[in-house]
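Visitor: I would like to go through this model and ask what stands behind the words used for it.
Guide: Please go ahead.

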Amino acid sequence: MTESISLKTARRIALAAQGFGRIRPAAPARSHVRDAARRLGVIQIDSVNVVTRTHYLPAFSRLGDYPREALEAEAWGPRRSLFEYWGHEASLLPLETQPLFRWRMERARGGAMWTGLSRFGREKRDYIDGVLAEIERRGPVTGGDFAEGPRGAPGWWSWSDGKRALEWLFWAGLITTKTRNGFERVYDLTERALPARIIDLPTPYEADAQGELVRISARAMGVATAADLRDYFRLPLADARERIAELVEAGELTPVSVKGWRQPAYLAAGARSPRKVSGAALLSPFDNLIWARDRTERLFDVKVRLEIYTPAHKRAHGYYVLPFLEDEAITARVDLKSDRKAGTLLVQAAWREPDATAETAARLAEELKRMAGWLGLERVEVVGKGDLAGALESAISS
């Protein structure tokens, strides 16, 4: 018979797998950031900078006020441990997993990418090959190298086709991000940008690579449905089903039922099931723990929606909203903005969730102050609405 586990147990397993509930290091360093990235397996990248860009936040949520330069060194420094590719979305991924995505790169060369770019690849392949040859000759390039000159005079290449060519080549794995200038990618040939020890690793069979990606997903989530496991690295549906079945047969995934979940789930081999999880963390809306709406609702009974693209008058909670994890529950959410000129972290709205406690406002205030200091801001100020705003303002000022 399939083992049944309670929702509370599933939640604790998931939190432990994601690195929550651990004592934060007194002085987080590059090694802690590197370990956190490997535990997660993938960190989503996003350009929105209203608080800070999202790829900085998962390490902060788990480690506290680590030096931001540590992530930059791991992602784009000369002795990096991460590389960029399409993992979940645009992502930072551990270098050693690069061979696991070569099947995706190969499929991309055959047209398996979003429709517009796939069509561009079919229609402009000679042009793309010319861009690749120019990068080989010229060395690292940026999107700025494709900007049009004054009055529409062409630059090195026309901006629109040049940018598309870079994106196609990136997806195909022929170029990658060597480093970044601010947030602008600096591209180079993959074999020049990544260490030889990674380039020289053998390319696994497609099924073996996908199986390893499911293993990483399972370890990072602890307990998950088939849809959860597939979504973590956006695997094709049929392939994910086959890999999950193979891992079940091998004893690496154990089918379980979680009370309240409609779909069957799978428990990762070796997943920890702590008696309790303690701690507090502000979560990026793109954090691995909550990036899937359905899974978040199943785990925490909270509906988390990204409202960036929702018209302002229709937003329920705000523009860039960070849920607040308090021990084993999401107890609040805050709409934040970094006012860098004023040196202030603005709380534009603060809302309670049903699991809020008498300590929620005080614990949230502590994390907001920690975040402000980490961002180089001097203070936290509540300037907006919400049923938690008053209590939070009092807690911040006390």
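Visitor: Why does phenylalanine 20 count as buried?
Guide: This is a predicted model, and the reason lies in a computed value. The relative accessibility of phenylalanine 20 is 6%, and buried means under 20%, so phenylalanine 20 counts as buried.

Visitor: Where does phenylalanine 20 lie?
Guide: Phenylalanine 20 is in the loop between H1 and helix H2 (30-40). Glycine 19, which follows H1, has a positive phi near 90 degrees.

Visitor: Which residues is phenylalanine 20 in contact with, leaving aside neighbours within four places in sequence?
Guide: The contacts are Leu15, Ser61, Arg62, Val277, Ala281, Leu283, Leu289 and Leu325. For arginine 62, the C-alpha to C-alpha distance from phenylalanine 20 is 6.1 Å, with the two positions 42 residues apart in sequence numbering.

Visitor: What makes helix H1 largely enclosed by the rest of the structure?
Guide: H1 covers residues 7-17, and eight of its 11 residues are buried, so the helix is largely enclosed. The buried ones are Ala10, Arg11, Arg12, Ile13, Ala14, Leu15, Ala16 and Ala17.

Visitor: How do you know that serine 81 is buried?
Guide: Serine 81 has a relative accessible area of 6%. The cut-off for buried is under 20%, so serine 81 meets it. Serine 81 belongs to the loop between helix H4 (68-76) and strand S3 (82-86).

Visitor: What makes the pair of serine 81 and glutamate 74 a polar contact?
Guide: The two side chains are joined at 2.4 Å. A polar contact needs a pair of N or O atoms within 3.5 Å, one able to donate a hydrogen and the other to accept it, so the distance of 2.4 Å satisfies the limit. Beyond four places in sequence, serine 81 also touches residues including Arg34, Arg38, Leu93, Pro94 and Leu95.

Visitor: Why is leucine 92 called buried?
Guide: The relative accessible area of leucine 92 is 1%; under 20% is buried, so the term applies to leucine 92. Leucine 92 is part of strand S4 (residues 90-94).

Visitor: What does leucine 92 touch, not counting residues up to four places away in sequence?
Guide: Leucine 92 touches Val42, Ile43, Ile45, His55, Leu71, Ala75, Trp76, Leu82, Phe83 and Glu84. Isoleucine 45 is 47 residues from leucine 92 along the chain, and their C-alpha atoms are separated by 6.9 Å.

Visitor: How do you know that serine 217 counts as buried?
Guide: Its relative accessibility is 0%. That value is under 20%, so serine 217 counts as buried. Serine 217 lies in helix H11 (residues 206-221), and its contacts, leaving aside neighbours within four places, are Leu229, Tyr232 and Phe233. The C-alpha atoms of serine 217 and tyrosine 232 are 6.0 Å apart, at 15 residues along the chain.

Visitor: Why is arginine 234 called partly exposed?
Guide: Arginine 234 has a relative accessible area of 36%. Buried ends at 20% and exposed means over 50%, so 36% falls in between and arginine 234 is partly exposed. Arginine 234 sits in the loop between helix H12 (226-232) and helix H13 (237-249). Its phi is near 55 degrees, a positive value in a residue other than glycine.

Visitor: What makes aspartate 327 buried or partly exposed?
Guide: The relative accessible area of aspartate 327 is 25%. The in-between class runs from 20% to 50%, so aspartate 327 is partly exposed. Aspartate 327 is placed in the loop between strand S12 (321-326) and strand S13 (329-339), with a positive phi near 60 degrees.

Visitor: What is the secondary structure of the protein chain as a whole?
Guide: The protein chain has 16 helices and 15 strands.

Visitor: Why is the protein chain called as compact as a globular protein of that length?
Guide: The radius of gyration is 22 Å and the globule rule gives 21 Å for 398 residues; the two are close, so the description holds. Of the 398 residues, 53% count as buried.

Terms used. Residues numbered from 1 in each chain as written. Predicted model: local features only at pLDDT ≥ 70, side-chain atom pairs only at ≥ 80, totals over all residues. Heavy atoms only, no water. Helix = DSSP H or I, 4+ residues; strand = E, 2+ residues; numbered from the N terminus. Rg over C-alpha atoms; globule rule 2.2 N^0.38 Å. Buried < 20%, exposed > 50% of the residue type's maximum accessible area, 1.4 Å probe, protein only. Contact = heavy atoms within 4.5 Å.
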